[in-house]
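Visitor: I would like to learn how to read a protein model, one feature at a time. Could you take me through this one slowly?

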Amino acid sequence: MDWANYWLTVPATDPDDIRRRKLLNILLAGVLIVTVIGLVATTVAVLVGAVSPHQTEIQLVYLGGGAAIAGIVIIFALNRYGPGWLASSLFLLLLTAVFAFSDEPQQVVDGRGVFLFAIPILMASVILVPWASFVMAGVTSLVVSALALSIQYVPNVPVILGFFALAFVSWLSARSMEQALEEVRTINRELDQRVEDRTRDLAQALAREHAEASKNRAILDSIADGVIVFDRENKAVVANPAMSRILARPAEELVGADIETILGDQVSAEDRETILALLRDQEQKREAIKFEMGEKTLAVTFAPVRDVNDQVVGTVAVFRDFTREAEIDRMKSDFVSIVSHELRTPLTSIQGYLDLLLMEAAGPITKQQSSFLEIAKGNTERLHELVSDLLDISRIESGRADLDLQVVLLPEIIERVADSVRPKFEERDLTLTLDIPPDLPEIFGDPMRIEQVLTNLLGNAYKYTQEGGATVRVRQVGNALQVDVEDTGVGIAKEDLPRLFSRFFRAEDQFVRQQPGTGLGLNITKSIVEMHGGRIWVESEPGKGSVFHFTLPLPAGLVEAPLEEQLPLRGTALQPAEEAALPSGPWIMVVDDDPQVTRLFQHELQKEGYRVMAVTQGSRVVEVARQLRPELITLDLLMDVDGLAILQQLKADPATADIPVIIVSVVPDAEQGLAMGAADYLVKPLSEGELLSCVRRVLDRENGDESQAKILVVDDEADIVGWLKHALSHYGYQVAEAYDGIQALEAVAADRPDLILLDMKMPRLDGRGTIRRLRDRADTRDIPIIVLSAHPIHNEEEREQLMRWGVKKFLRKPVTVEALIS
């Protein structure tokens with residue numbers, strides 16, 4: 001197809017001009033082929049007598065076809081030898097004229113022919129400059145308007161507006177494409193220049209070998225990289241000592257050998273072909289390539305050797321041994337793994353036993369002892385935070401901090417983080433306000449990492465704010481979502497702002513120094529934001545607070561998220577749970593006049609399999625309870641009707657008297673509610689898992705389940721097994737223990753547990769092998785498993801496979817008792 005490429009390609013210096021001219025030639029060739037086929041078909045029809053050659057239509061076909069071929073030839077010649085923009089313009093005008101007279105005027109103006117005018121509008125931005133689509137939209141609008149006026153029609157304004165809208169879309173697409181092409185060309189030029197500069201320096205040094213042979217020999221001998229010079233027949237003529245060390249072969253064996261003999265059979269066939277191709281083409285610009293050679297990782301760069309007449313007389317190859325760097329990367333990975341296990345594991349035991357002491361599992365403690373234990377626990381959490389931050393930094397540096405990208409709604413993440421930190425703000429009488437529009441589009445991101453960013457920023461706002469509070473705002477700015485976290489804290493000095501995102505940096509402020517912290521959080525936050533393709537910056541003044549801004553780019557082509565269903569007004573009594581995937585567990589009726597609270601409780605309970613009916617109007621509670629007959633009711637006290645009065649009505653009605661009621665209120669007074677028959681009393685705000693734990697406990701008690709769930713704890717650390725056994729037993733669970741996978745399988749065979757807490761790294765049989773064997777047996781494959789390990793599983797495919805095998809949740813050591821019980 002060389003002849004076709006010859007006629008289609010137009011010689012020019014500007015790559016954009018070449019591309020446009022070639023596209024025009026392709027379009028001309030397509031039109032020519034269609035025209036010739038039409039003429040041939042017409043001729044065949046005339047020869048077989050299907051039509052008469054004297055018909056006006058047939059004569060017009062021949063006349064139009066001939067004119068089209070002549071026009072194509074003229075435009076092709078002009079495109080090849082004249083200005084490309086003129087040829088493209090004539091082609092578009094010719095195409096517009098053909099479409100204008102291709103059908104009845106009525107159909108062209110306001111019928112089936114009008115859509116044809118979109119073709120030259122789209123073509124204009126491709127074969128001319130991007131803004132030419134607007135010019136072509138104006139031309140087609142004038143043509144359509146003129147035709148409409150000629151037949152006494154009113155010009156179709158919506159169609160004309162549609163032409164310009166199409167021109168706008170075409171302009172955007174063509175402009176983006178040209179910008180992308182220019183960026184690629186710039187990058188290629190820079191890379192080519194770097195490689196060329198590097199290889200040119202070495203080639204020039206070798207070219208002077210004829211005059212300064214001994215000096216160049218000394219240079220070659222002192223270079224740490226391996227150097228081989230090949231002649232025109234690609235035979236090695238020079239090999240320096242470093243090359244001998246890299247290949248573990250004397251230089252005498254290398255001299256006279258070709259590249260294939262030097263590489264031997266230790267290089268893969270694909271890498272071998274690439275290296276041979278680079279060596280054979282003496283004039284080709286060469287770039288460094290990496291390849292495996294036995295147990296070593298090497299990189300090779302080629303450059304031509306020229307004589308005084310600038311003639312290529314050979315090739316120089318520079319080999320660099322990257323084996324040590326690769327080994328360091330592997331050692332770093334192993335070190336991170338060891339640190340992850342050897343630090344997190346004892347931290348789990350320390351934090352766990354501190355929780356047991358604070359729970360008075362070993363007997364009563366005094367206030368002073370409790371204070372000391374809280375200090376120890378707080379510092380344990382600080383150490384855990386430091387270990388996690390250091391591991392995050394290490395993963396980011398080594399490029400192993402992969403993002404689990406998925407389509408996410410940013411408002412959901414913000415609300416989840418705000419719910420988790422709001423109790424801390426309320427403890428210090430600080431406000432936490434969310435300003436989130438209802439129609440924000442979806443983004444691509446790692447929800448866990450975005451949560452980490454927001455948690456770091458809100459955590460700083462909490463630590464460094466004494467009065468006022470924090471506000472989180474979200475808005476769309478261009479092609480990104482911008483999140484602003486504003487606080488009324490101590491602020492940041494101007495001289496500290498440039499170093500704020502550096503590692504281990506903490507401002508020289510007495511109040512700041514009094515707060516716990518590692519100085520790594522903002523550095524990690526910045527890295528995570530940049531990994532998402534966004535940026536982060538801060539505005540602050542001492543004494544006036546700070547505003548941290550960060551952006552997350554919108555994915556191209558992703559539509560806006562649908563508006564969430566609005567929450568019912570307070571006057572609405574019932575809020576049925578969402579229809580999707582309705583759970584089949586016990587019915588729980590959530591009674592609270594705050595829609596945000598009912599929504600939160602619904603989400604937590606439905607996630608655990610409970611069916612939920614929310615009631616926001618106190619006067620309807622008894623009526624709905626009679627109809628629904630739920631297994632349990634959670635009841636707020638401060639509503640339009642007094643909650644205690646509702647409780648009294650429920651207990652007085654025979655139809656609802658046996659339904660257990662858990663009071664969930666901001667009023668810290670449990671005595672009266674419990675005296676009136678409440679099954680339990682919780683005080684808002686609730687800690688993570690507190691509601692679920694209470695619901696399970698009450699339902700178990702109501703069902704007469706005296707023997708609590710049996711849990712098998714599997715971990716090779718005796719301290720951790722002991723802590724888990726004490727903590728779980730304290731909450732009424734029956735606990736069995738095993739110290740590796742083999743013992744776990746034996747324990748399961750002896751007494752089938754209801755749940756397995758499983759470590760992943762153990763002797764004899766690790767966690768994965770244990771899960772696989774449990775999966776293989778019909779009587780154990782349905783036992784739920786919670787992985788509790790110091791080694792987080794980042795590979796998404798492996799996580800999905802383990803979840804298919806029965807893993808319900810992944811927890812990372814160290815973990816608090818509250819999180820474990822929830």
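**Reading the model**

Guide: Let us begin with one residue, Asp355, which lies in helix H14 (residues 323–358); helices (H or I, at least four residues) and strands (E, at least two) are DSSP runs, numbered from the N terminus. This is a predicted model, in which local features need pLDDT of at least 70 and side-chain atom pairs count only at pLDDT 80 or more, while totals for chains, interfaces and linings use all residues. Residues are numbered from 1 along each chain as its sequence is written, and side-chain values use heavy atoms, with hydrogens and water left out.

Visitor: Is Asp355 buried or exposed?

Guide: The general idea is that buried means under 20% relative accessible area, exposed means over 50%, and partly exposed lies in between (1.4 Å probe, protein chains only). Asp355 counts as buried because its relative accessibility is 3%. Its C-alpha is 9.1 Å from that of Glu374, and the two residues are 19 apart in sequence.

Visitor: How many helices and strands does the chain have, and what share of its residues counts as buried?

Guide: The chain has 29 helices and 23 strands, and 42% of its 822 residues count as buried. For contacts, which are heavy atoms within 4.5 Å, we can ask how far apart the partners sit in sequence: of those in the chain with a separation of 6 or more, 63% join residues 24 or more positions apart.

Visitor: Which residues does Phe319 touch, beyond those up to four places away in sequence?

Guide: Phe319 is part of strand S5 (residues 312–321), and it counts as buried because its relative accessibility is 1%. Not counting residues up to four places away in sequence, Phe319 touches Asp225, Gly226, Ile228, Met243, Ile246, Ile259, Phe291, Ala299 and Val300. Asp225 is 94 residues from Phe319 along the chain, yet their C-alpha atoms are separated by 5.7 Å.

Visitor: Which backbone atoms lie within reach of the side chain of Ser540?

Guide: Here the idea is the polar contact, a pair of N or O atoms within 3.5 Å; within protein, one must be able to donate a hydrogen and the other to accept it, and residues adjacent in sequence count only if both atoms are side-chain atoms. Ser540 is in strand S11 (residues 536–541), and a polar atom of its side chain lies 2.8 Å from the backbone nitrogen of Ile492. The side chain of Ser540 also reaches the backbone oxygen of Gly545, at 3.0 Å. Because its relative accessibility is 16%, Ser540 counts as buried.

Visitor: Which residues of helix H26 are buried, and why are they on the same side?

Guide: In helix H26 (residues 741–750), the buried residues are Gly741, Ala744, Leu745 and Val748. They are on the same side of H26 because they cover an arc of only 95° around the axis, where the arc is that of the directions from the helix axis to the C-beta atoms. The face turned away from that buried side carries the exposed residues Glu746 and Ala750. Strand S19 (710–714), strand S20 (734–738), strand S21 (755–758) and helix H27 (767–776) are included in what covers the buried residues of H26. At the start of H26, the backbone nitrogen of Ile742 has a side-chain oxygen of Asp740 within 3.0 Å.

Visitor: What is the phi of Arg629, and what is that of Arg764?

Guide: Most residues other than glycine have a negative phi. Arg629, in the loop between helix H21 (621–628) and strand S16 (632–635), has a positive phi, near 50°. Arg764, in the loop between S21 and H27, has a positive phi as well, near 65°. Arg629 is partly exposed, with a relative accessible area of 47%, while Arg764 counts as exposed at 63%.

Visitor: Which residues line the largest cavity?

Guide: On a 1 Å grid over the protein atoms alone, a cavity is a set of points where a 1.4 Å probe fits but cannot get out, and lining residues have an atom within 4 Å of a point. Grid points are joined across faces, edges and corners, and a volume is the space filled by probe spheres set on the points. A search of the whole structure finds one cavity of 30 Å³ or more, and the largest cavity holds about 30 Å³ of space. Its lining consists of Ile450, Val453, Ile528, Val529, His532, Phe550 and Leu552.

Methods
On a 1 Å grid over the protein atoms alone, a cavity is a set of points where a 1.4 Å probe fits but cannot get out, and a pocket is an open set with protein on both sides within 12 Å along at least five of seven lines; lining residues have an atom within 4 Å of a point.
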